[in-house]
Amino acid sequence: MKRFKFILTLATVLCVSFSWGQDMKITGTVFDTTGSKPIYNAVAMAIRIKDSVLLGYARTDASGTFDIKGIQLDTFSLIIEAQGYDEKTYYIFGHQDNQEIIIPSIIMPKKSQDLEEVVIYAYKDPIYYRGDTLVYAADSFATHEGAVVEDLLKKLPGITVDKDGKITSQGREISQVLVDGDEFFGTDPTIATKNLGADGVQTVEIYEKENDEGIGGDDEKIQVLDLKLKDSAKKGYFGRVSGATDFAMTPINGELGTNPFYEGELLLNKFSGKQKISVFALGSNTPRSNFGWGDMKKFGLENESSGGNRWDAGAQSNSSGIPQTLMAGIYFVDKIGKNKKTKIGFNYSYYNNYLDATSASESQYFLADTSYLTDDSIRSITKGESHRFNINLDINIDSLTTLQIKPSISYDTGNTEDINVSDFLSTTGVQTLGTDVNNINDSKGYSANGYVRLKRKFMKKRRELELRYDLSLDDNQTDGLLNSETKYYSIFLPNDTTRQTNINDNSNLNHYGTFTYIEPLSKKTKLEFEYLYQYGISIQDKRTFDFNTATQNFTNVNIGLSNEFENIRQQNRVGFRFIYESSKHQFNIGLRARNINIDNFNRITDSTINQNINNILPRFGYTFKPSMSKRININYQTSSQQPSINDLAPVQDNSNPNRIQQGNPDLEPNYQHSINVGFNNWSALTGRYVYAGGFGSITDKAFSTETNYDPFGRTISKTINVDGNATAFIYSGAGLPFFGRKLTLRPEFNASYFRNTNIIDSSENLTNTFGLTPGLNIDFSLLGDSLELGLESKYSFNNAISTLNPDGTPYSIQTYGAWGKWRLPKGFTVGLSGEYTKNAQPGDGFYNTEFFVMNAEISKKFLKTQNLEISLVGNDILNQNVNARREVNGNIITDYRTQIISRYFLLKATLRFNNRKTTEDDFNGMH
C-alpha cells in the first residue's frame, strides 16, 4: 500500500496533463492467472490521476479483448477488474507521439488473502446491476462543494428530482428513501435528500420491494432509493444551523412590519459505527413551509374530507396566504445484544402548522338540458399539530430465523375554519342564488399501525416460510359548527338559514394474518403458497343538533343527519405462484382466490345488508435482461378495494349545503385489471440513457358518483359502482450527453387517457380525457463544473369530451425556464432562475393567464474553514407570481386562480460544524 501511494504521488508530481485535441486509444487482452484462458466481461477503466474522473470504460468480449477510444491525451491509471481476481493497475502517460496503447497480455493476479492488499484502488463501474438492484457509484459523478444528496441525484442518469423534491427513476416514482437500509425520520424522503451530504454517500441503490406498509399481504411493489454511506460518514458529529429573515421589510397588504418572513434550521448528527443519532428542527413562514400538509389524516381532519368544500392545503390551487410551520424530531438506530444480533430503531417527529389562505374559482356545470356557472371564494384558516412515534426492531434469532417488529403510533389534533361564498349564475350571467357557508371543525385522533413478521429459511436452499400479523387502528372525533345562509334571486322565497353542531366519531380496526411458504422445485424454479385472513370493523357515529331558538342552544337532534353505522368484514384468501429465475429471464404466474363476507349494520333503523363476494385474482410478471444495461419489464395483476365507511354510511354530510353527500350501504368492492410495461437502457461509458413505459387499467364496479341537481344547481351526491372505467399512461425520456458530458439533452414525452362514467340526473355521462405533454431540458456543465446552466421547456395539452359536453374542453399549459449557478473564487456563489408560464383556453376566461417568476441568490463563505456562509435570497423579484389551474371532473370544469406569496428578500446565515473543526464541505457526512 505504501509503495502504491509513493508511485501515485510520484506520477502526480512528475506528469503534466496536455490537451491538444488528439484522442488516445487503449487496447488489451485479459487472461486468467495461467495466462492461457481469456476472461469474459472483465472491466477496464481509465481514471484520471489528478482528480479521479472516469475518462473511459469498456468490458472484455469473449476473446478477453477490450477497446477504449476517445480519451484525450492525459495522465491516468488503467484499472482492470474481474470477478474472483485482484485488480491490475497500469499508469498511462499520454503523449502526442504515443496515442495508441496496446497491452497484448494482461494476466490477472489471484485474489489476495492479505487484507492490507485486497483493495488497491477502489473504483467500480459508475453504473451497474447487482442482481435486480441498480447501483450508482457516487464518486463517479462530480458534485460541487457542499452538495447534498438531492444535488447528487440530479447528476445520475435516469433520475430526476422536481421542484418539490419528488424523485423519479426511469420515469417511475420513488416511493421510499432509505439510509443504509433504514427509514430516516419516518416516510418523509426530503429529510434525507435535502440534508445528507453528497460526499458521504458510497452508492445510490434503486430496487423494488414489497410495500411493508401495504398491510394484509398487499402484492404492491414500490420503488426504493437506498443511500449507502461511506464508513467515514458514520463517525463523529456534524451538523448545521441557519437562520434567515427579511427584517419585516416585505409589505403585507400594503403595510411594512406586520409579519416578518423567516426561516430557521438546526441539524445535529452523531454517528458511531452502527449507532446513529440525529436531531433536527425546522421553522418557517415562507412558501418553503411544505411538510406534507395534504395529508389531512395526520391532523385528524379526514372525518370532514367529504364535505365538498374541504380545503386541501397540499393542492397547488391553495398555496396562498402566509404559512407557519415548525417541524422537529429525533432519530436513533443501533445494534444491541450479544453479538449485536438485534437492531433497534426509533424516531419521534413533531409537526405544528398554521395556514391562513384564500382562493377563488369559477366552475361551469353541464346538464342534459341546461348549464350554469358558479363563482366561489374561499378563505380557510387551518391549524394542525401531530406527534408521531416509529419503532423498528430486527432480531436475528439464529442464522436462519429473523423476527421484525415495527409499530407506529401517532396523535393528531386539528382545527379548520372555512368561509365559502358562492354565487350561482345562469349562462347569461344572471344570479339565481347566493350562499354564505361558515364551517368550524375541531378534530383529534390517534392511530396505531404495525406488523410482526417471522421469517424462516431452511437448510434446503431457497426454501422459506413467513408468518406475519398486521394491525391497523385509527380513531378520530370531529366537533363541527355550521352556519349557512342562502339567498334566492330568481324566485321569491324567504332566505334559508342553517345553524347546526355535529359530533362525528370514526374508527377503524383491522387484523390481518398472512402465511407464506416457498418451496424450490429446481435451481431456477420455485412455488409460492399463501393464505390470508382479515377481520375488520369500521364504525361511524354521527350526531347532528339544530339550533333551538327558544333555548338559544343546540338541543334539537336532527334525525335525518344522525346515524350509527357499523361495517364488519371477513376475508379469506388463498393463492399460489410459479416463479422462474435465471440470469436473463425472470417469470412468475399465479392467482389468488378469495371470499369476502361483509355485514353493514344500521343501528338507527336496526337493518342489515349482507354481501358475500368471491373473486379470482390472477397475476403475471416477466423481466428480460439482455445485458447489464438493459431491462424490459411486464407486470399484470388484479386487485380489489373496499369502500370507506364515509362512502357506506347512509347519512347525509351537509358540511357544504350546496354540495350534500350521502353514503351508500349497497356499495361493493371494485375489481381492477392493471398492466405495467417498462424499458430502460443506458451506457455507463457515455452516460446516455433511454427509458419508456406504460400503465393501463380497467376497473369494474369502480367507485363513481351519482349526482342530482335542483333547479338552482345545488347537488346531492352518493358513491356508486360503475363498470368500464379506464386509465392509460405512457411515458418516455432520454439523456443524451455531448462533449464529455458538458452538454446534456433530456427530451421527454408523456401522454394520458382517462375514461370515467358517472350518473347525472339519472342519465349516464361518459367522459374521455386526453393529455399530451412533450418537454425538453438542456443542461450545461462548464468551467470544471463551477458553472452550471440549464434550459427547461414543457407543453401540456388536455381535452375532456363528455356526453354532456360533446364539444370538449381544450386547454394548455406552457412553461419555459432557465437557471444558472456559478461558483466563483474566494467563496462566492451566484444563482439565478426564471420561469415563464402561460395558461390558455379558447376565448376569454378565468384560466387565461401568463406570468414570469425570477429568483436569485448570492452567497459568500467565511472563516478559515469556509463553514460560515452569508447569502441574500430574492424570491419572485418581478412580483408576478400567481397560481392558476384547471380541473375537469365529469360534467364540471373548474378554473382556480390564486394569488400566492410573491416578492420577498431574505438575509440568510448558515454555520456548518463538525468534531474535527475542519471544512465541513470536505467532511464525508451530513451537512
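Contact here means heavy atoms within 4.5 Å. With that in hand, let's work through this predicted model together.

**Exercise 1. The chain as a whole**

Task: Find which share of the contacts with a separation of 6 or more comes from residues 24 or more positions apart, and describe the make-up of the protein chain.

Solution: Start with the contacts. Among those with a separation of 6 or more, 65% link residues that are 24 or more positions apart. Next, list the secondary structure: the protein chain has 49 strands and four helices. Then turn to burial, where 48% of the 927 residues are buried. Finish with the surface: the accessible area is about 43500 Å², and carbon and sulfur atoms hold 56% of this area.

**Exercise 2. A three-stranded sheet**

Task: Work out the strand order of the open sheet that contains E1, E4 and E7, and name its edge strands.

Solution: First, the order is E4-E1-E7, with mixed pairing. Second, look at the borders: strand E4 (65-72) and strand E7 (100-107) each pair on one side only, and these are the edge strands. Third, take the angle; on average, neighbouring strands in this sheet are turned by 15° against each other, direction ignored. Fourth, zoom in on one pairing. Strand E1 (residues 23-31) and E4 run antiparallel and are joined by six bridges. Within E4, Thr65 is the residue that stands opposite Thr29.

**Exercise 3. Following a run of paired strands**

Task: Trace the pairings of strand E29 (residues 563-581) with strand E27 (residues 525-548) and with strand E30 (residues 585-602).

Solution: Begin with E27, which pairs with E29 in the antiparallel sense over 18 bridges. To find your place on this pairing, use Glu530, which has Gly575 of E29 opposite. Move on to E30: its pairing with E29 is also antiparallel, and 17 bridges make it up. A good marker here is Asn572, whose bridge partner in E30 is Asn595. Last, check the connection, a hairpin of three residues that joins E29 to E30.

**Exercise 4. Two nonpolar cores**

Task: Identify the residues that touch the most other members of the largest nonpolar core, then place one of them, Leu153, among its contacts.

Solution: The largest nonpolar core has 33 residues, and those touching the most other members are Tyr136, Leu153, Val204, Leu225 and Leu227. Several elements give two or more residues to this core, including helix H2 (149-153), strand E15 (201-210), strand E16 (221-229) and strand E36 (689-700). Now focus on Leu153: neighbours within four places in sequence aside, its contacts are Ile159, Val161, Ile167, Thr193, Val204 and Leu225. Another core lies apart from this one; it has 21 residues, among them Met24, Ala44, Ala46 and Phe76.

**Exercise 5. Two hydroxyl residues in strands**

Task: Decide whether Thr773 is buried or exposed, do likewise for Ser484, and list what surrounds each residue.

Solution: Thr773 sits in strand E41 (residues 763-782). The cut-off for buried is under 20% relative accessible area; Thr773 has 16%, so this residue is buried. Its contacts beyond four places in sequence are Glu748, Phe749, Asn750, Lys794, Tyr795 and Ser796. With Ser796, the Thr773 side chain makes a side-chain polar contact of 3.3 Å.

Ser484 belongs to strand E25 (residues 464-488). Ser484 counts as buried because its relative accessibility is 5%. Leaving out residues up to four places away in sequence, Ser484 touches Asp436, Val437, Asp496, Thr497, Thr498 and Pro657.

Definitions and conventions. Residues are numbered from 1 along each chain as its sequence is written. This is a predicted model: local features need pLDDT of at least 70, side-chain atom pairs count only at pLDDT 80 or more; totals for chains, interfaces and linings use all residues. Side-chain values use heavy atoms; hydrogens and water are left out. Two strands pair if DSSP finds at least two bridges between them. Axes are lines fitted to C-alpha atoms, for helices over the stretch in contact, and angles run from 0 to 180 degrees between N-to-C directions. A nonpolar core is a set of buried Ala, Val, Leu, Ile, Met, Phe, Trp, Tyr and Cys residues joined through side-chain atoms within 4.5 Å. Buried means under 20% relative accessible area, exposed over 50%, partly exposed in between (1.4 Å probe, protein chains only). Accessible areas come from the Shrake-Rupley method with a 1.4 Å probe; for residues, only the protein chains shown count as cover. A polar contact is a pair of N or O atoms within 3.5 Å; within protein, one must be able to donate a hydrogen and the other to accept it, and residues adjacent in sequence count only if both atoms are side-chain atoms.
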